[in-house]
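Colleague: I'd like to go through this one with you and ask where each label comes from. Can you show me the structure before we start?

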Amino acid sequence: MKTDQAPSIERSDYRPLPWRVDHVELHFALDEEATVVTSRLRCTRNRQVSAGPLRLLGEELELLGLTVDGAAPVDGQLARGEGWLELTLAGDTAEIGVVTRIDPRANTTLSGLYVSRGGFFTQCEAEGFRRITYFPDRPDAMARFTVTLEGDAERHPVLLSNGNLIEQGKLDGGRHYAKWEDPFPKPSYLFALVAAKLVALERRVTTASGREVLLQVWVEDGNLDRTGHAMESLVHSMRWDEEVFGLELDLDRFMIVAVSDFNMGAMENKGLNIFNAKYVLAKPETANDVDYENIESVVAHEYFHNWTGNRVTCRDWFQLTLKEGLTVFRDQEFSADMLAQAAGAEGAASARAVKRIDDVRVLRAAQFPEDAGPMAHPIRPESYHEINNFYTATVYEKGAEVIRMLHTLLGAEGFRNGMDLYFSYHDGQAVTCDDFVDCMAEANGVDLDQFMRWYSQAGTPRLRATGSYDAAGHRYTLTLSQHTLPTPGQAEKLPLAIPVAVGLIGPDGKDLPLRLEGELHAGGTTRVLELKGAEQSFVFADVSAEPVPSVLRGFSAPVILEVDEDDARLAFRMAHDTDAFNRWDAAQRFAERVILGLTADVAAGKALHVPESFVAAFRAMLTDGTLDPAFRAQAAALPSEGYLLERMAVADPGPLRTALIHLTRAIGARLANDWLSLYKTLEVSGPYRYHPGDAGRRALCNLALKYLVAAGSVEGFDLARAQFARFGNMTEGSGALAALMNDGGVERDAALADFHSRFRDDALVLDKWFALQAGAWRWDAVTPPVLERVKALMDDPAFSLTNPNKVYALLGSFFRANPAEFHAVDGSGYAFWADQVIALDRCNPQVAARTARALENWKRYAPALQTLIRSQLERVRAIEGLSPDVAEIVAKALAD
Ligand code: TRP
Ligand code: ZN
């Protein structure tokens, strides 16, 4: 077992390895309780590096044999410590033999080799390979792999690993084997094997250069009818990467495998992507529109890693955003293009904006709080205790924003040139974030030194924009300033290079052509200003009447924008901003102001009034037939509770929930007729197809039901009940059920029971059932606290603490998506949280640490809550044998 005090790993401590592994030959004698792994490493001394031993890392391994060039190590040649062994080798080459025994069935961490539903699966990122055999398990150690799997032919008929299948056959005793060879050198974190009873959907496609390749989606028997969408998504991803980046699949075979027990979304192992089943399986009866969208983007993400991550990989784990930020950016652009394509020329811009809004919602709800709390870190951290804790919203989502800023600053063509240069220099290498940005700079002849601060500085910058109009001179001056608050371990903040996309809206609601003073001609209605200093002014000429500025169009930088806008100005932008993102953002800002005002009134015991101006502006947007339904659904959805808590000076979930309930009911009641007519005109008929146009209509209809049921509308209730009874597809069924949850009555429980009996044998669908109940609001005083329901559901036979999807659906939804219930003033939620973190930590530290993070921002909460939280954090900290994963989270949360 690991001990709680994991050492701090520092970025500045990186040293290249004195020994290379050129080739590794692995043999797996697969057995649930005693798998024997035989490894042969062909090593070469790295002459460029000062001399040193060959260091192999291993964890929870039983070492059965170790040889150097076929013989036992001689006296003094071998040194061993906790988690490593070192061999001092003479000469320039050596062949090392290692035999280890492992117990996959006992491995509940889901890292390394483990058993799930009778099959063998691996997860090696970040440091799982060392749980399989002794190896230089770090990403700059790239080797060519040959892998032989030997297992039971009956129970594990399918034997898969990376690369190409080169040999297979029968063995004695009902066993068989398969031998795989991966032609590309790779780090150990990209190794994978699967041995299970599976079936595949297959497709042969031709790549841009005319090679025929075999695509497979492997699932359990009985799920083949849910693989079509994943396959479609894969084919679209391949085409897109060829067209947009000129990048082609480099293998003859590409496999996706679905597994039920998986810590994260999916994993980009070379040629053998392993997926959480949730991001593979879909058919209309069991998956909703959001599931379809998520599958498309996760399939794309993992496929895109083949170049950004695998062909060019990370030198060390501090560079994680090199592959993750870039690959998230690529999958975001891919999804936006798919949406735009489906929407056609007319609707393309709006479709792209809808995707951008989704991505910014995630950033604001997850990354902004992270960047303002005890875990705040730059996208390229300087130190860590447990690398698994750094697969964060900052590294992924903010990392993608940093890449997007480069794309904005350099343009699509300049960015592509930088990418081409990156692959020409670094294909086959393990490199750093600096290497990537250097390519962007060189390809475009620009200096990105200041831009690099985005990689080293933590915290969300605040961007302040103020304008002044000079009527006599027809000039408008926009002053931009930036400021970043201190974060743990980083008090001083330097100015960043921030691209700020700006437009000026005239009094008639039309965008003005923009000419900066000193320029000869006006050009465009949106301009990207580059803020580099702490404060800078930009003067626009030929402005004949005072304009309304629209700042940070398209969310051109990951910052908190501060502008003083009164209600009238927000309403004006809600009606006229030609930038769809900013139009949505104006609505969000107005809603935020109203909600925080109501929250203050709740706390002060005042009567609650929703301003008429807000309802009018909201209604105007909702009923604007020129706006597509998907966009209107985004505009009519209130800001997330997590984001709103972040915006409060002191986070107080109770009054906030009361305010949200009041506002939801008011919008439902006062716009009841609009919601009803929207529902009737937009309802989608005919068989389900995954299409963004239909999805937008379904989203708006489901939202209408939620508002109507919350407001107690009899007609709305009837529509929800009818939609649920009809259950045309999962988007309609789960949407109707979600709406019925906005009522405390018996019908809600009847619908939940009905849903359960319909899907009792479908684990993925039951996750929705768990999540809806854990995230439920209490709409009346007689409904018992949600915690009671959550506790009862833990005893449901379908729930399991060892399955991450179940934990995220039930516990994750309660801790993250239901702040008012979790933060109950009696502290019951916190005691429950500590119980679960402690229990989870015994089987799966990664999942435990993610769960633990739900309370890291505790110092932002009301003082009475803080006292209660602190005692539970301290309780967890005191646990004997706590994993380094959870230990790091609670230590940082409790630090001063
Ligand atoms: N590299 C994976 C991705 O970005 C993430 C991942 C999958 C992962 N499984 C993991 C990270 C386990 C850490 C641990 O898609
Ligand atoms: Zn990734």
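**Where the labels come from**

Modeller: Cys 433 has a relative accessibility of 1%, so it counts as buried. Keep in mind that this is a predicted model.

Colleague: Why is Cys 433 called buried?

Modeller: The label buried goes to anything under 20% relative accessible area. Cys 433 comes in at 1%, so buried is the word for it. Cys 701, at 5%, is buried because of that cut-off too.

Colleague: How do you know that Cys 433 is in no disulfide?

Modeller: Two cysteine sulfur atoms have to lie within 2.5 Å to count as a disulfide. A search through the whole structure turns up zero of them. For Cys 433, the nearest cysteine sulfur belongs to Cys 314 and sits 7.2 Å away.

Colleague: What makes Phe 129 and Phe 145 an edge-to-face pair?

Modeller: Two numbers, really. A pair of aromatic rings is described by the distance of the centres and the angle of the planes. To pair, the centres must lie within 6.5 Å, and planes over 60 degrees apart count as edge-to-face. Here the centres are 6.1 Å apart and the planes are at 80°, so edge-to-face it is. Phe 129 is in the loop between β10 and β11, while Phe 145 is in strand β11, 16 residues apart. Phe 129 is buried at 0% relative accessible area, and Phe 145 is buried at 1%.

Colleague: Why do Tyr 189 and Trp 317 count as edge-to-face?

Modeller: Their ring centres are 4.8 Å apart and their planes are at 70°, so they get that label. Tyr 189 lies in the loop between β14 and β15 and Trp 317 in the loop between β21 and α3, so this pair ties together parts that are 128 residues apart in sequence. Both residues are buried. Across the whole structure, a search finds 42 aromatic pairs.

Colleague: What makes Thr 38 partly exposed, and Glu 60 exposed?

Modeller: Exposed means over 50% relative accessible area, buried means under 20%, and partly exposed is in between. Thr 38, in strand β3, has 34%, so it is partly exposed. Glu 60 has 53%, so it counts as exposed. Arg 117 is exposed as well, because its value is 61%.

Colleague: What is there to say about phi in Glu 60 and Arg 117?

Modeller: Glu 60 has a positive phi, near 55°, and is a residue other than glycine. You'll find Glu 60 in the loop between β4 and β5. Arg 117 isn't a glycine either, and its phi is positive at about 45°. Arg 117 sits in the loop between β9 and β10.

Colleague: How do you know that Glu 268 has a polar contact with ligand 1?

Modeller: A polar contact is a pair of N or O atoms within 3.5 Å. An N or O atom in the Glu 268 side chain is 2.7 Å from a nitrogen atom of ligand 1, which puts the pair inside the cut-off. The side chain of His 301 has an N or O atom 3.3 Å from an oxygen atom of ligand 1. The protein covers 97% of the 370 Å² of accessible area that ligand 1 has on its own.

Colleague: Which residues surround ligand 1?

Modeller: There are 16 of them, and the closest include Glu 125, Glu 302 and Tyr 396. The shell divides into six nonpolar, five polar and five charged residues.

Notes: Residues numbered from 1 in each chain as written. Chains lettered and ligands numbered in written order. Heavy atoms only, no water. Near = heavy atom within 4 Å. Polar contact = N/O pair within 3.5 Å; in protein donor to acceptor, adjacent residues only side chain to side chain. Areas by Shrake-Rupley, 256 points an atom, 1.4 Å probe, with all protein chains shown as cover. Nonpolar A, V, L, I, M, F, W, Y, C, P; charged D, E, K, R; others polar. Buried < 20%, exposed > 50% of the residue type's maximum accessible area, 1.4 Å probe, protein only. Phe/Tyr/Trp six-rings, centres within 6.5 Å; stacked < 30°, edge-to-face > 60°. Helix = DSSP H or I, 4+ residues; strand = E, 2+ residues; numbered from the N terminus.
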